[in-house]
Amino acid sequence: MAETPVLNLKGLCVQLPRGSDRAHAVEDITFSVGAGQIVCVVGESGSGKSVTAQAVMGLLPRELNPSAGQILLQGEDVLQATASRLRDLRGTRMAMIFQEPMTALNPVMKVGDQIAEVLEIHTELSQPDRRNRALEIMRAVHLPEPERLLGVYPHQLSGGQRQRIMIAAALVLDPALLIADEPTTALDVTTQAQILRLIRELQERRGTGVMFITHDFGVVAEIAHRVVVMQSGRVVEMGLSDDILRRPQCEYTRMLIASVPSLKPPARAPKLGATALAMERLSKTYGGRGLFRRGRLVRAAENVDITVRRGETVGIVGESGSGKTTVARCVARLIEPTSGSIRIDNVDVARLPESRLRAHRRHVQIVFQDPYRSLNPRRTVGASIIEGPVNFGLARAEAMQRASRLMALVGLAPDALDRYPHQFSGGQRQRIAIARALAMEPTLLIADEPVSALDVSVQAQVLKLLDDVRQRFDLAVLFITHDLRVAAQICDRIAVMQRGIVVEQGPTAEVFAAPSHAYTRALFEAAPGRNVQFGPATNAV
Amino acid sequence: MSIEVLPAEIAEGVRAARRPGRFALVMRNPSVIIGATIVTFLALVGVLAPVLGTISPSEINPVYRNKKPGAERTIRTEDSKEVQFVHRFGTDTLGRDVYSRVVYGARVSLVVGLTVAVLSVAIGLTIGLIAGYIRWLDSIIMRVMDGLMAIPAILLAMGVVSLSRAGLLAVVIAIVIPEIPRVVRLVRAIVLSIREEPYVEAAITVGTPTPTLLVRHVLPNTIAPLIVQGTFICGSAILIEAILSFLGIGIPPETPTWGNIMAEGRSLFRIYPHNIFYPGVCLALAVLAINMLGDGLRDTLDPRFARRV
């Protein structure tokens with residue numbers, strides 16, 4: 001590349017405050033983003049990828065100080081810029097979009113004004129001109145009816161629309177550099193595909209350089225020209241997208257790519273165990289008539305029929321709002337279903353009152369999505385694990401013995417029982433949550449997005465553990481996920497849900513090979529990186 | 001044994017290293033230090049009242065009425081020795097020593113403040129837990145609380161005192177009742193947010209009975225905000241007690257309380273301002289100190305404010 005790159009990082013170091021366990025948040029970061037290029041910065045949590053982005057924007061938290069290196073934005077060192085110069089640069093020469101569009105937009109300001117605000121600060125345009133520019137950029141990000149949307153508030157938009165507004169506000173002044181910090185992580189897969197397409201289209205048309213931060217190799221495959229892989233604050237590998245994805249050189253990159261579950265389900269023999277869970281015409285509606293007002297009736301789940309045999313993993317796949325978590329919570333009886341039956345070991349628990357439900361609770365256990373919140377931070381891990389067995393009359397000492405056996409089973413040291421949840425990493429906490437569920441000796445395990453809060457390398461380990469315990473204890477597993485890759489690898493059968501209805505159900509391999517419903521096909525088409533074969537099988541170098 | 005060493009753990013290490021203990025944080029806050037020092041000082045004054053050079057606070061001496069601060073007189077001690085006694089804060093209309101009365105008055109004020117704080121927090125906590133967790137009781141309880149909040153606190157207190165014999169207990173009850181709804185609201189709001197936490201749902205799925213669940217998983221989250229709320233209640237209780245005593249509907253006038261002393265000094269305020277000045281200063285100091293303590297505790301304990309400090 002002959003011309004100067006839009007962004008050129010040279011040996012950037014950012015110090016961590018004293019007393020931290022490593023000296024630098026990022027160390028000796030050197031890479032560049034050319035005009036019209038999308039550079040994906042990939043890494044797991046704690047790799048320093050967000051710190052790098054914040055350093056470029058001059059948004060580092062006060063405790064973090066850049067100690068060495070240069071950040072050249074079109075040849076100008078951002079680290080040397082004064083606060084007011086930085087303000088001028090932001091918006092005009094570089095712009096940023098964030099992960100969560102709802103919190104990045106001001107909830108009490110109309111979205112049209114939020115776009116116009118950028119113009120008001122940085123240009124001399126008159127008000128009608130500002131309005132026209134805002135309309136123009138909203139058309140460019142393919143928002144429907146831009147005239148109407150100018151006057152709405154962020155909460156009236158869907159997540160994808162909000163992200164489009166963010167992108168519009170970021171690009172309205174044609175910055176040379178766009179930094180996107182996990183911009184699609186909070187979005188559904190079909191919306192994600194649209195946003196990725198949009199970023200690609202705008203950046204091609206305008207020649208913007210994009211620094212795209214992500215943890216998702218599917219997204220990388222979809223969008224990146226070049227890839228920078230980071231680990232613990234250092235760049236471990238960089239190169240062209242194809243090279244990195246197909247011929248990774250570094251051990252760490254190889255491990256990361258191998259951890260991405262393949263979209264191709266492995267062959268699985270049908271499970272023929274006894275039926276552990278049978279839902280029949282299960283429905284849950286919210287709202288309806290209140291005391292003072294007539295509410296909107298929401299059918300969160302409607303006539304759901306799903307059965308799970310012992311030793312079988314059945315996945316419920318769907319986007320947010322599809323009702324998959326509602327079904328899980330009904331089965332766990334955290335909420336009462338409106339109608340239908342839930343037969344667990346041939347007892348219908350759908351309508352049991354709390355007092356008679358207790359005996360059945362031990363048969364159904366749940367592993368939650370967020371391991372940071374599913375363990376009481378004030379109680380030791382041991383106390384959390386034995387809580388259930390002790391509730392059902394097991395002596396404390398005996399329960400503790402069972403707990404330490406389970407710790408070994410999930411791959412943690414037994415002395416971990418005396419420690420508190422915050423002393424563990426996310427993956428370890430999820431193992432603890434699994435141990436707690438197993439301590440009850442359940443027949444049915446509900447896993448509600450158990451790996452979606454985890455890094456991809458840890459994800460693979462936790463999935464493997466779940467599969468191990470399923471086999472060992474002949475468990476029936478109801479696996480809730482939005483991630484088709486995860487579903488492909490772990491589920492014997494899957495049910496695809498959309499707006500509360502199961503639209504398709506069948507053995508995983510069949511559904512993946514020949515999806516019959518239009519929505520299922522749309523989901524598959526939106527899965528990022530579907531043209532690249534991930535997973536350990538293809539990765540023999 | 002495969003123990004993962006992961007980036008997340010490193011990040012956790014950073015956070016843990018940077019976070020000093022809660023107690024250490026609290027002790028570092030200047031308004032906590034100042035507030036706690038003054039409150040401790042006043043408490044010591046109350047406890048040690050008999051040995052702080054006081055005479056009986058209710059001893060009437062018609063000869064030495066309305067003396068200015070610094071007036072001297074000779075008193076006879078128990079073993080019949082004559083001692084020169086200085087009325088440091090002067091005497092009141094009945095010739096009682098204002099200094100002794102103010103020092104003993106600290107007892108009543110602090111006892112009222114503490115009892116009211118403990119009682120209203122305890123009762124409010126119980127009702128709040130029930131209202132927040134048992135949904136069908138919620139609207140009933142909260143409407144009663146709304147009703148209580150609609151009655152002015154002083155008016156309610158006057159009503160309660162007039163129904164029973166005036167005394168410490170009646171005054172405490174009269175102040176506790178209007179404070180309860182505030183505590184209930186606070187606790188209920190916390191319970192409503194905590195009950196959605198996955199760890200509470202996890203406890204439900206392992207069959208933990210509701211009372212255990214509330215005590216074990218929900219209650220600990222309410223402690224810090226309640227300590228904060230408790231100090232504010234303590235401050236306002238001391239003030240309300242003084243107001244009630246001043247209005248003559250609180251503790252009987254022969255008992256020395258700051259409010260009573262001021263009430264008696266009211267008629268001759270223009271000539272002998274010391275009767276109101278000294279108890280007034282003590283009252284203001286006590287309430288200020290307790291509120292400072294509460295502010296400091298809120299800044300450090302309440303997660304909504306903790307980050308800014």
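In this predicted model, A:Cys13 has A:Ala68, a residue of strand 4 of chain A, as its bridge partner. The wider setting of this pair is the pairing of strand 1 (residues 7–15) with strand 4 (residues 65–73) of chain A, which is antiparallel and runs over seven bridges. These two strands belong to an open sheet of four strands in chain A, arranged in the order 2-1-4-5 with antiparallel pairing. At the edges of the sheet lie strand 2 (24–33) and strand 5 (76–77) of chain A, each of which pairs on one side only.

Following chain A onward from strand 4 leads to a backbone detail worth a pause. A:Gln74 sits in the loop between strand 4 and strand 5 of chain A. Its phi is positive, at about 50°, although A:Gln74 is not a glycine. Is A:Gln74 buried or exposed? The residue falls in between: A:Gln74 counts as partly exposed because it has 16 C-beta neighbours inside 10 Å, while a buried residue needs 20 or more and an exposed one has 12 or fewer.

Another residue with a positive phi can be found further along. A:Asn346, also not a glycine, has a phi of about 65°. A:Asn346 is placed in the loop between strand 14 (339–344) and strand 15 (347–348) of chain A. With 9 other C-beta atoms within 10 Å, A:Asn346 is exposed.

Turning to chain B, the picture is one of 13 helices and two strands. Of the 309 residues in chain B, 41% are buried. Contacts in chain B between residues at least 6 apart in sequence can also be sorted by separation, and 70% of them join residues at least 24 apart.

How are two packed helices described? The description uses the angle between their axes and the distance between the axes. In chain B, helix 6 (residues 153–163) and helix 10 (residues 220–246) offer an example: their axes come within 11 Å and cross at roughly 60°. Helix 6 of chain B is therefore oblique to helix 10 of chain B, since the roughly perpendicular range begins at 65 degrees and roughly parallel means under 35 degrees. The crossing of helix 6 past helix 10 of chain B is right-handed. On the helix 6 side of chain B, the contact is made by B:Ala153, B:Ile154, B:Ala157 and B:Val161, and helix 10 of chain B contributes B:Ile240, B:Ile243 and B:Leu244. Sorted by class, this contact between helix 6 and helix 10 of chain B has seven nonpolar residues, with no polar and no charged ones.

Conventions. Residues are numbered from 1 along each chain as its sequence is written. Chains are lettered from A and ligands numbered from 1 in the order in which they are written. This is a predicted model: local features need pLDDT of at least 70, side-chain atom pairs count only at pLDDT 80 or more; totals for chains, interfaces and linings use all residues. Two residues are in contact if their C-beta atoms, placed from the backbone, lie within 7 Å. Two strands pair if DSSP finds at least two bridges between them. Axes are lines fitted to C-alpha atoms, for helices over the stretch in contact, and angles run from 0 to 180 degrees between N-to-C directions. Angles under 35 degrees count as roughly parallel, over 145 as roughly antiparallel, 65 to 115 as roughly perpendicular and the rest as oblique. A crossing is left-handed if the near helix is turned anticlockwise from the far one by less than a right angle, and right-handed if clockwise. Ala, Val, Leu, Ile, Met, Phe, Trp, Tyr, Cys and Pro count as nonpolar, Asp, Glu, Lys and Arg as charged, and the others, Gly among them, as polar.
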